[in-house]
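Take a walk through this structure with the sequence at hand. We will go from rings to helices, and then to the DNA.

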Protein chains: 2
Amino acid sequence: MATGRTHRPATRSRGIPEATVARLPLYLRALTALSERSVPTVSSEELAAAAGVNSAKLRKDFSYLGSYGTRGVGYDVEYLVYQISRELGLTQDWPVVIVGIGNLGAALANYGGFASRGFRVAALIDADPAMAGKPVAGIPVQHTDDLEKIIEGNGVSIGVIATPAGAAQPVCDRLVAAGVTSILNFAPTVLSVPDGVDVRKVDLSIELQILAFHEQRKAGEEAAAETAAVTLTPKEAGKGPDGDVPAVMPA
Amino acid sequence: MATGRTHRPATRSRGIPEATVARLPLYLRALTALSERSVPTVSSEELAAAAGVNSAKLRKDFSYLGSYGTRGVGYDVEYLVYQISRELGLTQDWPVVIVGIGNLGAALANYGGFASRGFRVAALIDADPAMAGKPVAGIPVQHTDDLEKIIEGNGVSIGVIATPAGAAQPVCDRLVAAGVTSILNFAPTVLSVPDGVDVRKVDLSIELQILAFHEQRKAGEEAAAETAAVTLTPKEAGKGPDGDVPAVMPA
DNA sequence: ATGTCTTTGTGAACGCGTGCACAAAGATGG
DNA sequence: CCATCTTTGTGCACGCGTTCACAAAGACAT
């Protein structure tokens with residue numbers, strides 16, 4: 001997973017636990033697939049398998065939404081799709097701005113998963129004057145100078161930050177000041193925001209590092225022995241065990 | 001956060017809790033920034049603030065790695081950078097292949113955060129013959145037919161899937177069969193893999209949906225009343241409360 | 001109508017993660 | 001060498017999330 005929520009200490013948002021909310025989109029996707037195949041009903045066991053979770057967990061998750069199943073039969077697919085969509089707020093239109101139209105920003109603008117779920121890319125914003133006016137994914141890029149005007153003019157409440165790390169916090173501040181209250185951050189930085197603003201972070205490099213950790217464990221239980229041998233105390237280690245600190249650069 | 005680990009029930013990987021492992025990259029980034037500013041030592045309080053976590057949590061996290069701090073002083077920045085890097089397996093070279101060179105795949109290939117932490121993009125693979133040979137981020141794209149050869153020839157153990165949803169599982173199967181044991185999945189699908197293979201998922205659309213949920217709650221506590229009124233049982237609801245099921249499309 | 005069989009919904013136990021609060025450790029100054 | 005002050009490392013308690021296991025509920029056949 002990318003990394004979890006930043007702000008919000010674990011507040012359950014009306015009886016619905018955060019962990020459940022995070023799984024609802026997963027269920028929704030599986031249900032949508034079933035709906036396309038015109039499957040009328042599905043059991044918790046089948047749906048859980050499709051979503052890759054435990055069936056008891058799925059039932060408990062749904063129980064937070066209400067009793068939408070029929071014992072002995074299962075859940076009505078169409079009805080459940082609607083209920084989850086409504087619960088997630090996907091029945092309304094969410095205008096979104098993407099700030100930072102580099103490789104990643106452009107990829108996001110072109111990403112089908114955005115437009116397909118009630119999320120509408122209202123504007124693309126970049127600080128590079130040379131980008132201004134250029135169409136990306138059919139939408140002309142606008143300059144950062146007009147950020148506030150764009151946010152307020154379109155009633156945007158969700159912003160996506162895909163800028164370099166250094167630009168993220170200033171951009172974030174301007175977005176929040178202009179009225180954005182939810183931010184999806186792709187920049188490798190910790191954003192600080194006032195209370196009431198939600199930030200979710202997606203960090204590609206962190207995900208890889210977590211994989212590397214597990215990979216390392218799988219690779220060498222025996223090879224780890226030699227590396228583990230060099231465990232010195234700070235005082236003894238002048239500049240690192242094997243003479244030099246390994247080259248690690250900022251993400 | 002993107003979404004968490006898929007497989008692996010919560011196995012702590014040698015006394016080090018998963019939650020801690022997930023935070024190590026965060027600490028590492030903050031420490032690297034300090035290192036660049038030539039800051040010699042840092043207290044748990046300062047570092048925690050920079051990483052956006054609780055200081056007690058940070059100290060406990062570090063305690064799993066060993067006693068690397070000095071009471072009354074703090075932690076030696078350089079030494080800690082090295083210890084965390086080593087723990088995460090970042091002191092070695094990890095060849096990575098990216099499969100699916102669309103908008104996202106290209107963005108990933110160009111993403112600096114990959115190359116900068118011991119991750120080396122060993123190959124780019126795409127199913128489109130027209131892409132073959134074209135350089136992306138300075139690396140020529142190779143055809144899917146050669147996937148096994150590429151994996152085995154370069155000793156690749158980490159694969160990144162950035163294909164459309166439909167192609168993800170077949171690609172995953174081939175990667176695993178060829179020897180890949182860690183997968184970072186950007187396709188909006190649940191991948192099934194044999195035991196011993198780690199899968200982490202990054203799902204852009206799910207992150208937005210979670211934001212939308214909280215946004216909806218913030219937006220309307222009062223407007224929610226009218227929507228909440230239409231809570232029928234499946235039997236009563238013929239085809240959905242207000243006559244029609246809202247248009248929701250697959251991600 | 002009654003019995004059987006399937007599947008939901010949930011009570012309860014357990015385990016992990018978090019955060020408080022404090023004692024131990026060491027640095028620093030006199 | 002002793003006192004003071006800072007900061008680490010951790011014991012402990014609490015709460016969330018997960019999972020098991022089962023009773024209640026309803027469909028369906030006879």
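**Rings, helices and two strands of DNA**

Over all chains, a search of the whole structure turns up six aromatic pairs. The rings of A:Tyr68 and A:Tyr79 have centres 5.4 Å apart and planes at 90°, so this pair is edge-to-face. A:Tyr68 sits in the loop between α3 and β2 of chain A, and A:Tyr79 sits in helix α4 (residues 77-88) of chain A, so the pair ties together parts that are 11 residues apart in sequence. Keep in mind that the model is predicted.

Now turn to two helices of chain B. Helix α1 covers residues 18-36 and helix α2 covers residues 44-51. Their axes come within 9 Å and cross at roughly 110°. Angles of 65 to 115 degrees count as roughly perpendicular, and α1(B) and α2(B) are therefore roughly perpendicular to each other. Which residues meet there? From α1(B) come B:Leu26, B:Tyr27, B:Ala30, B:Leu31 and B:Leu34. They meet B:Leu47, B:Ala50 and B:Ala51 in α2(B). By class, this contact has eight nonpolar residues, no polar and no charged ones.

Next comes DNA strand C. It is surrounded by 27 residues. The closest are A:Ser44, A:Tyr75, B:Lys57, B:Lys60 and B:Arg71. Of the strand's atoms that come within 4 Å of the protein, 65% belong to sugar and phosphate. Bases are reached too. A polar side-chain atom of B:Arg71 lies 2.7 Å from a base nitrogen of DNA strand C. For A:Lys60, a polar side-chain atom is 3.0 Å from a base nitrogen of this strand. A:Arg71 has a side-chain N or O atom 2.9 Å from a base oxygen of DNA strand C. Which helix gives the most to the surface near DNA strand C? It is α3(B), with four residues. This surface has seven nonpolar, nine polar and 11 charged residues.

Finally, look at DNA strand D. Around it are 27 residues, and A:Lys57, A:Arg71, B:Ser44, B:Arg59 and B:Tyr75 come nearest. Here sugar and phosphate make up 63% of the strand's atoms within 4 Å of the protein. B:Tyr75 places a polar side-chain atom 2.6 Å from a phosphate oxygen of DNA strand D. B:Gly72 uses a backbone N or O atom, 3.0 Å from a sugar or linking oxygen. A:Arg59 has a polar side-chain atom 3.4 Å from a base nitrogen. The largest share of the surface near DNA strand D is four residues, from α3(A). Its residues divide into seven nonpolar, nine polar and 11 charged.

Note on methods. Residues numbered from 1 in each chain as written. Chains lettered and ligands numbered in written order. Predicted model: local features only at pLDDT ≥ 70, side-chain atom pairs only at ≥ 80, totals over all residues. Heavy atoms only, no water. Axes fitted to C-alpha atoms, helices over the stretch in contact; angles between N-to-C directions. Parallel < 35°, antiparallel > 145°, perpendicular 65-115°, else oblique. Contact = heavy atoms within 4.5 Å. Nonpolar A, V, L, I, M, F, W, Y, C, P; charged D, E, K, R; others polar. Near = heavy atom within 4 Å. Polar contact = N/O pair within 3.5 Å; in protein donor to acceptor, adjacent residues only side chain to side chain. Phe/Tyr/Trp six-rings, centres within 6.5 Å; stacked < 30°, edge-to-face > 60°.
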